[in-house]
Structure formats: structure tokens, C-alpha cells
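Visitor: Could you take a close look at one single part of this protein with me? I am new to this, so please explain the words as you go.

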Amino acid sequence: MPAPGASTEVMRWRFHQLSSIMLRALLLALCLMPAAQAAPTQLVDESPVTISEPEPGVILVDFGRVAFGNIMLRAAPGASGELTVHFGEASREGRIDREPPGTVRYSAAQVVLQGDAPVIVDPPLNERNTQQGGYKQPPAILTPQEWGVLLPFRWVEIEGWNGELHPEQITRRAAYSASWDDNAAAFESSDTLLNRIWELSRYSIKATTFAGVYVDGDRERIPYEADAYINQISHYYTDNDLQMSRDTFDYLMQYATWPTEWASHMVFMAYADWMQTGDIQWLQPRYEALKDKLLLERAGRDGLITSDWWQRRKGDIVDWPPAERDGYQLTHVNTVVNAFHLKTLQQMATLARALGLASDAADFEQTRDKTYTAFQDTLFLPDEGLYRDGVGTDHVSLHANLFPLAFGLVPQPDRLAMADWLASRGMACSVYAAQYLLEGLFENGAGAQAVALITAPGDRSWRHMVDSGLTITSEAWDMKYKPNQDWNHAWGAAPANLLPRYVLGVEAGAPGWSVARIRPITSDLAYARGKVPTPHGPVLVDWENGEHFTLELTLPKNVLAEVELPAVPGTSGVYMDGRPVTATRVDDRWRLERKVLGSVTLEVK
């Protein structure tokens with residue numbers, strides 16, 4: 001029930017929501033935006049890694065990693081009788097955990113053998129993630145009915161099988177994107193733990209392509225905007241696919257979810273697509289609908305976004321779950337929401353210019369400048385060099401600062417100190433907000449601290465996920481931080497994009513990768529090498545860091561690279577293929593004056 005005096009604000013909020021829905025419906029009716037679809041997926045036959053007999057009459061099959069699928073059994077001729085098949089995502093004491101925590105999956109099914117005819121064994125239907133109407137909006141994403149029910153599982157236990165089970169008699173039918181290429185990307189460094197974290201994150205992106213659009217793991221099987229954006233940029237760094245993110249974007253334009261900042265992620269998704277592809281033909285019919293994601297109906301006279309009672313109670317999310325907000329105090333003007341708003345205004349201005357809409361771009365820039373001035377004057381604490389949570393509070397949280405730093409809103413003189421402060425606080429945020437925390441650290445001179453947080457001991461890092469035996473990233477750091485979490489959530493796979501972007505140092509420097517930015521951050525690593533997919537072909541990087549820094553770089557045809565290299569102590573310049581090149585020392589890096597192309601060896605000495 002609304003709080004006393006809140007009815008007007010609630011009605012206003014519902015009116016805004018209704019207006020947004022009506023606008024999207026109108027755009028769809030005018031065919032300005034194509035209907036959402038799911039990218040092609042396929043079933044892949046996978047063999048077991050091990051088969052054992054933990055007790056008489058029970059066969060335990062381990063497929064090595066969790067995947068969304070079911071199994072096919074091939075019994076011997078003349079076989080008959082009923083089997084009980086248990087599917088498990090978790091194990092305990094060498095057996096499938098039949099009472100796993102949270103929404104970690106366990107299920108069982110019965111099947112009758114009839115000779116050597118192949119039998120598909122799939123678990124019972126779960127109504128929660130197959131709802132298609134009624135009270136559940138948006139509807140769950142369904143996989144093809146002819147596949148049978150899919151479940152995330154690693155282990156299978158079979159009771160009632162007569163004799164030995166041979167590997168060729170059981171197959172997991174796992175669902176993945178039909179275009180997935182396991183060789184599209186690579187990452188290896190001198191830190192074996194970091195390599196395991198990369199592979200965990202890479203595989204997490206692959207395993208969660210099963211639905212054809214990015215979904216929230218197995219709990220509801222629906223897209224959410226923030227999940228989808230992290231999934232999108234990680235997908236770009238692990239595979240060559242472009243369609244799945246686009247299909248997810250179109251789905252979310254029809255079925256928006258509730259958090260305030262999730263609307264901003266739709267602008268992020270469109271901008272990321274443009275940077276990856278340079279394709280204005282895809283962007284153009286979607287541009288007008290993006291204006292509905294800017295929260296402008298909530299702007300005050302100074303441009304800052306305001307939050308009424310209902311929005312503070314329900315919409316403004318800051319982080320998820322709520323216990324991960326570092327004590328953030330939500331007020332009627334809060335820093336996180338406005339940081340997102342400012343970033344979307346900046347990106348919309350850029351997209352408008354790309355489409356030749358100079359007037360729109362100027363309007364967005366003017367609004368952004370006005371709002372940014374109010375943002376700094378109202379929310380920044382100059383004496384501390386930090387942002388408070390919002391108007392009416394002096395509380396300073398991790399989140400009120402990590403998002404402005406990641407979004408480039410912090411005054412230049414305060415960035416290094418803020419990055420150090422954030423790093424000193426540790427991972428006081430969720431796996432979702434960690435994407436932005438680590439971006440801010442990597443971009444502002446705290447790369448070593450960022451890598452240390454990724455691999456930190458304790459239960460708030462990817463080291464903990466690896467040590468826990470997970471093969472797909474989890475929704476939260478640990479069950480104690482979100483007791484109902486699942487273990488197949490791609491928004492926890494941020495290292496899939498962070499490690500190639502910052503440790504290998506490869507990012508798009510211009511729309512469509514006509515220019516690549518090469519800027520490796522060495523941390524304390526002795527070497528790193530890998531492959532980054534682009535629409536033109538892969539970028540290959542192999543660097544070593546010692547007395548000198550050496551980088552071997554191979555670029556696709558038609559791609560130029562802007563290069564910055566670490567200024568190793570005691571070195572005085574940069575050499576390309578053994579010859580000195582002009583480079584400018586900027587802080588702790590050498591910036592090459594000219595762009596490079598093709599295959600080159602660069603050395604700082």
C-alpha cells in the first residue's frame with residue numbers, strides 16, 4: 001500500500017509508465033522497429049568426461065561443465081525396464097546434490113527402455129520459466145518444443161541401468177548459439193588463476209546463449225537490460241556474433257523491465273552496437289524509441305533527474321540485491337540515477353550526429369552540459385574529492401563514486417585519488433556493479449588494483465567462483481549475499497570483456513573498428529597474449545613485460561591502431577620493428593604519434 005500522501009506521485013509514475021508503453025506500441029504499429037526474434041540456436045551432442053559407480057545400482061555421469069540441455073540414452077538390444085534419471089547442477093560428497101541452495105537446479109525423470117531405440121530423457125517442465133501470459137509479463141523465452149525440456153546440469157545419476165554404461169551410450173544434447181565459434185577468442189597470461197577466470201567467463205557467455213536472446217539464467221528466462229548489456233559486450237569479446245544482442249535489444253524494446261537505470265542500458269546497448277559495427281542502418285529505425293529511455297520526464301529545472309516516493313521505493317535500483325548497495329541512501333535526487341542519465345545524454349548526442357541529426361545532437365549536448373553543472377555543484381564534495389549519495393544526505397558510498405568514475409564524469413584532477421579510494425574499499429558491490437567499478441579502475445591508473453580485486457581471496461571475487469567449482473558464473477558472489485541466486489548468470493561474466501579490453505588492451509577506437517585502440521595494462525603480469533574478434537577479423541596481441549616491454553601486434557586488413565604502451569622504468573623510447581618511432585610520454589605511457597597497421601613488433605626500451 002502506498003505511503004500517506006504518495007498517491008499523486010504513484011499516479012504520476014504510472015502515467016509515465018503508460019506513456020512509455022503507448023509510445024513503444026505506436027512505434028511498433030508504424031513498423032519503425034522490427035519485431036523481436038531469437039537468434040538461431042542448436043543442440044550439440046556432448047560426451048561424458050567420466051562415468052563412475054558411487055554405489056551399487058547407481059551410475060554417476062559427469063559432463064565436466066554445466067550446460068542447458070537434456071540427454072539421449074542408447075541401451076543394448078532387448079533392454080527393458082524403468083530408469084530413474086537425476087539431473088544436477090551441484091554436487092555434494094561425490095553425489096548430485098538433491099537439495100541444492102537457492103535456485104540451483106536439481107530434477108529427476110523416469111523413462112522406460114524399449115530395446116536399443118534411442119531415448120530422450122528430459123526433466124519435468126518448470127512453470128516458472130515457461131510462463132507465456134496471464135500474470136507474467138514479459139513472457140518467458142521458450143526453446144523449440146521438439147527439443148524437449150532443457151535444464152542446466154553437469155551431472156546425471158542413473159538408477160536401474162542393467163550392466164555397465166559405456167560413454168557411447170549417453171550423450172548430453174546441449175543448446176548453444178548456432179554460430180558460436182570456440183576459436184574466435186583467446187586469452188592467456190602469466191597468472192594461471194586469471195586464465196581460469198577468463199575461461200569461466202568465456203564459457204559462461206557461450207552456455208547462456210541457449211535461448212537465442214540474453215536471459216537471466218534459468219530462473220525466469222527473460223531478458224533484463226543491465227544483464228543484456230554486460231552479456232552483449234562480453235559476447236563481442238568471445239565470439240563473432242552480432243545478431244543475438246540485436247534480437248535481445250528488440251525484445252526489450254517491447255518488454256521493458258522495472259528498474260530505473262535499466263532503461264539507460266538500452267542506450268548503452270545501441271551505442272555498443274554502433275561502436276562494434278558502425279551500422280547506422282540498424283540504428284536509424286530504433287533511434288526515436290531510445291529517447292524514451294532518457295528519463296527526461298523526471299528532470300527538474302536544473303536538469304537533474306528526480307525520484308518520487310514510488311521510484312525511490314521500487315524503481316531506483318543502484319545495485320542488486322539491495323544488500324549490495326554499500327549503505328546507499330536513496331533521496332529525491334540521487335547520484336547514481338543522474339550519473340546514468342548524463343552518460344546516456346552523451347551517447348545519444350554521439351548517435352544523433354552519426355545519423356546526421358545535428359539539431360538533436362546539439363539539444364542533447366546542451367541538456368547534458370546544464371545537467372552536469374548541476375550534478376557537480378549539487379552532488380560533488382570538493383573537500384573530499386568524492387560524491388555523496390544524493391541531495392539531503394552526506395553519506396558517501398562506493399556506488400555514488402564508481403559510476404561517475406566509470407562514466408567519465410569525475411573532474412580530471414580527482415580521478416586518480418577517487419580510483420585509489422574505490423580500490424581501497426574492495427569489492428563492496430555486486431557482480432553487476434563490478435563491471436563498472438573495474439572499468440573505472442582500469443581507465444584511471446588503478447589497473448593493478450583492478451586485477452587484484454578480480455583474483456582476490458575471500459568470497460567477493462571471481463577467484464571464489466573458480467574455487468567453488470562453478471563452471472558458469474553465478475548471479476551473486478556467494479549464496480549468503482543472495483540466498484535465492486542461480487549459478488548460470490552471464491551478468492557475472494564481466495572478465496570476459498574486461499581482460500581483453502584492458503589486460504590485452506584491445507578496444508574499438510572508432511565505430512565499426514576502422515580504428516582499434518591498443519593500450520595494454522600490465523599489472524604485475526610477465527606476459528599476456530590472446531585474440532579479440534572484430535567484424536574485420538581478429539586482433540592478435542602478444543606482449544611481454546620485463547626489463548623492456550615488447551608487443552607483437554597483428555591487425556586485420558583495413559584496421560588502423562592507435563597505440564599506447566607502458567613506460568617501463570629506465571626506458572626512453574619506442575621502437576617499431578627495430579627502428580625508433582615518434583612517441584610522446586604521457587604520465588606512465590608512451591603514445592605513438594602515428595597509427596599502425598598490419599603486423600608489427602613494438603618495443604619500449
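**A close look at Gln329**

Guide: With a relative accessibility of 37%, Gln329 counts as partly exposed; that label covers values between buried (under 20% relative accessible area) and exposed (over 50%), using a 1.4 Å probe and protein chains only. Please keep in mind that this is a predicted model, in which local features need pLDDT of at least 70 and side-chain atom pairs count only at pLDDT 80 or more, while totals for chains, interfaces and linings use all residues. Residues are numbered from 1 along each chain as its sequence is written, and side-chain values use heavy atoms, with hydrogens and water left out.

Where is Gln329? Gln329 lies in the loop between α8 (309-315) and α9 (335-354). Helices (H or I, at least four residues) and strands (E, at least two) are DSSP runs, numbered from the N terminus. Setting aside neighbours within four places in sequence, Gln329 is in contact with Asp389, Thr393 and His395; contact means heavy atoms within 4.5 Å. Thr455 is 126 residues from Gln329 along the chain, and their C-alpha atoms are 30 Å apart.

Now let us step back to the whole protein. There are 16 helices and 24 strands, and 59% of the 605 residues count as buried. Among contacts between residues at least 6 apart in sequence, 70% join residues at least 24 apart. The C-alpha atoms fill a box of roughly 80 × 70 × 45 Å along the principal axes. A compact globule of 605 residues would have a radius of gyration near 25 Å, and the protein agrees, with 25 Å; this radius is taken over C-alpha atoms, and the globule rule is 2.2 Å times the number of residues to the power 0.38.

Next comes the inside. The largest nonpolar core has 137 residues, and Tyr432 is one of those with the most contacts inside it, as are Phe403 and Trp462. A nonpolar core is a set of buried Ala, Val, Leu, Ile, Met, Phe, Trp, Tyr and Cys residues joined through side-chain atoms within 4.5 Å. Beyond its neighbours within four places in sequence, Tyr432 is in contact with residues including Phe403, Trp262 and Trp491. A second, separate core of 21 residues includes Ile59, Leu73, Leu151 and Trp161.

One helix is also worth finding. Ten of the ten residues of α16 (residues 495-504) are buried, so this helix is largely enclosed by the rest of the structure. Among them are Pro495, Asn497 and Arg501. Just after α16, Gly505 takes a positive phi of about 85 degrees.
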